[in-house]
Amino acid sequence: MKDTALRIADFKDSIFGVISRLAREHNAVNLGQGFPDFDGPNWLKDIAYKKMQEGHNQYAPFPGTPNLRQEISNYYKKFYSLNYHPDSEITVTVGATEAIYLVIMGLINPGDEVVVLEPFYDSYVASIKMAGGIAVPVTMHAPDFTIDQKELEAAVSPRTKLLILNNPHNPTGKVWTKEELVAVSNVAIKNDLYLLSDEVYEFLVFDGAKHLPTATLEGMMDRTITVSSAGKTFGLTGWKIGWICANQKVTNACRLVHQYVTFSVSTPMQEAVAEGLKQLPDYLPGFVSLYKEKRDWFYKEMKLLGFDFPIPKGTYFMMVPLLKHTNLKDVDYALKLITEKKVATVPPSAFYLKSAEGEKYLRFCFAKKEETLKSAIENLKGL
Ligand SMILES: Cc1ncc(COP(=O)(O)O)c(C=O)c1O
């Protein structure tokens, strides 16, 4: 029987699944998985429980509960002076992953081109393929992961409809400067493209930096489609509450897909996230300092082990160059670390379509308990 549709014929198990299975088999410390190995805040879990007890348990309105859409609108206004109307410009999704899928399915026709900046979050290219679109990669060149403006401009063709940008950036930990964002945005403006701005790590920026949403740049409000996720902000990735902020036309397109993919999103979790967003000003300082402490400690230890790279400014990832004396590529190096050193990481070549630059790196996730990070460093000693 031919039981696999052509549109997914070349899909493989995602690299995260493969690494996690190997990590379990070899009893390795897992710094591959991109989520915390500790729980999110108790006060928010208590609110979720209360919301269930209060009877918020049936289907939510399909664009998202009014409370949550209102609170999303409020925080974009409060933090970034951006105005999104909760009724017509905000849609709640099952995590940012569904949000990305909806935007791509809602906008891309077969044969349309989408510019993706590599290394990229792997669901972008999968969603583009499912829509019948073509992903056109532009490399963020190591070691600073900067874009060559000429390469970006050359990647745009008359068939290009969308450009996808991720800031702060997984897997490199890069926080884009205003100049860099303006340069990418200008390409979108010049060629009349939509720009999908994946900002799931918007609150994970360190050293006093402030997140700059693409939509705040001149000329970008109407063409930027912003995606974010409560999973990252509250360290509760399993809740899978994300959202899309976009103009009314794009919102309508996304909602048309959403109503037949998931229809609506978990009601009590939406109601809890709405309360969580109200608390952001009190919650964020502790959240950021917790992750900053982990970043600083892990970075210092990695340097002592001989890994040489600039400190990442955002997210909970480090893109770490392989030690100079190895001839191994990332996948083999990652396998070696799992089997010989009992430490699991992600080989980033999976996040590239064009360049081989990722073969010289590994992605480490430092969103882990102190003891997890300590055992990883212990295991890596003598490498
Ligand atoms: C850049 C990026 N975008 C989107 C997502 C998906 O987020 P969610 O868990 O809300 O679906 C992730 C998760 O790791 C991510 O790193």
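These legends go with close-up views of a predicted model.

**View 1. Helix α7 and its two sides.** Here we're looking at α7, residues 178-190. At 1.5 Å a residue, its 13 residues should span 18 Å, and the end C-alpha atoms are indeed 18 Å apart, so expectation and model agree. L181, V184, S185, V187 and A188 are the buried ones in this helix. Look down the axis and the buried residues of α7 fall within an arc of 150°, so they line one face of the helix. E179 and K190, on the other side of α7, are exposed. As for what sits over the buried residues, the cover includes α6 (149-155), β6 (160-166) and β7 (194-198). Just past the end of α7, D192 takes a positive phi of about 55°.

**View 2. The largest nonpolar core.** This one takes in 87 residues, and I72, I241 and W243 have the most contacts inside it. Helix α11 (residues 280-304) chips in 8 residues, the largest share of this core. Domain 1 (6-40 + 284-380) and domain 2 (44-281) both give residues to the core, so it lies between them. In soluble globular proteins, nonpolar side chains tend to be buried together.

**View 3. Around I241.** Zoom in on I241 and, setting aside neighbours within four places in sequence, its contacts include L68, V92, T93 and G95. Another group touching I241 includes S229, A230 and G231. V265, S266, M269, Q270 and V273 are also in contact with I241. Apart from the core of 87 residues lies another one, made of 33 residues, with M140, I147, A155 and A344 among them.

**View 4. V250 in helix α9.** V250 sits in α9, which covers residues 248-261. With a relative accessible area of 2%, V250 counts as buried, because the cut-off is under 20%. Which residues does V250 touch, leaving aside its neighbours within four places in sequence? They are L107, Y194 and I225. For a sense of scale, V250 and W176 are 74 residues apart in sequence and 25 Å apart in space, C-alpha to C-alpha.

**View 5. Strand β12, covered on both faces.** Strand β12 runs over residues 361-365, and 5 of its 5 residues are buried. Y361, R363 and C365 make up one side of β12, while L362 and F364 are on the other. Strand β10 (residues 317-321) runs antiparallel to β12, and 5 bridges join the two. One bridge to pick out links P321 with Y361 of β12.

Conventions: Residues numbered from 1 in each chain as written. Predicted model: local features only at pLDDT ≥ 70, side-chain atom pairs only at ≥ 80, totals over all residues. Heavy atoms only, no water. Helix = DSSP H or I, 4+ residues; strand = E, 2+ residues; numbered from the N terminus. Expected span 1.5 Å × (residues − 1). Buried < 20%, exposed > 50% of the residue type's maximum accessible area, 1.4 Å probe, protein only. Arc of directions from axis to C-beta. Contact = heavy atoms within 4.5 Å. Core = buried A, V, L, I, M, F, W, Y, C linked by side-chain atoms within 4.5 Å. Domains from an automatic or database assignment. Pairing = 2+ DSSP bridges.
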